[in-house]
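User: I would like to go through this structure by question and answer. Please reason through each reply before giving the result.

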Amino acid sequence: MLAITGASGAVYGIRALELLRDVDDVETHAVLTSAAKMTIGIETAVSVERVEALADHVHGNRDIAAPIASGSFRTAGMLVAPCSIKTLSAVATSASSELVARAADVTLKERRPLVLLVRETPFHLGHLRLMTRAAEIGAIVQPPVPAFYNRPETIDDLVTHSVVRAIEHLGIEAGETERWHGG
């Protein structure tokens, strides 16, 4: 499962869908919040329709009857890329009134990996406490902080590295990226 929320950095979710599209035996279920759709239009030259076409299944954020809202629906886990503070707050407090938060809550209760690419900075103490709470209940909090040991040449290199590392937490190999080999 993949959710794209309204935080800046929609390219992370788009790149994740692109990478997952090329992985055999992976079926993607995507949810884009209304803020995500707006952010995609502001930050990228890609249409929302094109982003949705990258997924095998797209669910509306208000569709709490979607298959991904149930623990009996098997998944490898869930990636929220980017993850807004609003979504982080819902995850940390188990406030699941919309599908993104409900699917995240189900992912945690089923003890599956939930990876949150928390994107909004700087963080204040309330944000840090929410991240701590999310980690305490099982989420993997992975702000997309760029690595430079791989000598990125483009923004796509930075984005891809963060996304590949996030997808790996779901147990899925979705592309190659330069690894740290020591100094």
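User: In which loop is N150 found?

Analyst: This is a predicted model, in which local features need pLDDT of at least 70, side-chain atom pairs count only at pLDDT 80 or more, and totals for chains, interfaces and linings use all residues. Residues are numbered from 1 along each chain as its sequence is written, and side-chain values use heavy atoms, with hydrogens and water left out. Helices (H or I, at least four residues) and strands (E, at least two) are DSSP runs, numbered from the N terminus. On that basis, N150 is found in the loop between β6 (140-141) and α7.

User: Is N150 buried or exposed?

Analyst: Buried means under 20% relative accessible area, exposed over 50%, and partly exposed in between (1.4 Å probe, protein chains only). Because its relative accessibility is 15%, N150 counts as buried.

User: Which residues does N150 touch, not counting those up to four places away in sequence?

Analyst: Contact means heavy atoms within 4.5 Å. With residues up to four places away in sequence not counted, N150 touches H161, T177 and E178.

User: How are α1 and α7 oriented where they pack?

Analyst: Axes are lines fitted to C-alpha atoms, for helices over the stretch in contact, and angles run from 0 to 180 degrees between N-to-C directions. Helix α1 (residues 10-21) and helix α7 (residues 155-168) pack at about 65°, with axes 9 Å apart. Angles under 35 degrees count as roughly parallel, over 145 as roughly antiparallel, 65 to 115 as roughly perpendicular and the rest as oblique. Therefore α1 is roughly perpendicular to α7.

User: Which residues of α7 are met by α1?

Analyst: From α1, the participants are V11, Y12, R15, A16, L19 and L20. Their partners in α7 are D156, V159, T160, S162, V163, V164 and I167.

User: Which residues touch the most other members of the largest nonpolar core?

Analyst: A nonpolar core is a set of buried Ala, Val, Leu, Ile, Met, Phe, Trp, Tyr and Cys residues joined through side-chain atoms within 4.5 Å. The largest one has 30 residues, and those touching the most other members are L17, L32, L79 and I167.

User: Which element gives this core its largest share?

Analyst: Elements giving two or more residues include β1, β2, β4 and α7. The largest share is seven residues, and it comes from α1.

User: How many residues of α5 are buried?

Analyst: Helix α5 spans residues 99-109 and is mostly covered. Its buried residues include L99, V100 and D105, and the elements covering them include β1 (2-4), α4 (85-93) and β5 (114-118). Of its 11 residues, the number buried is nine.
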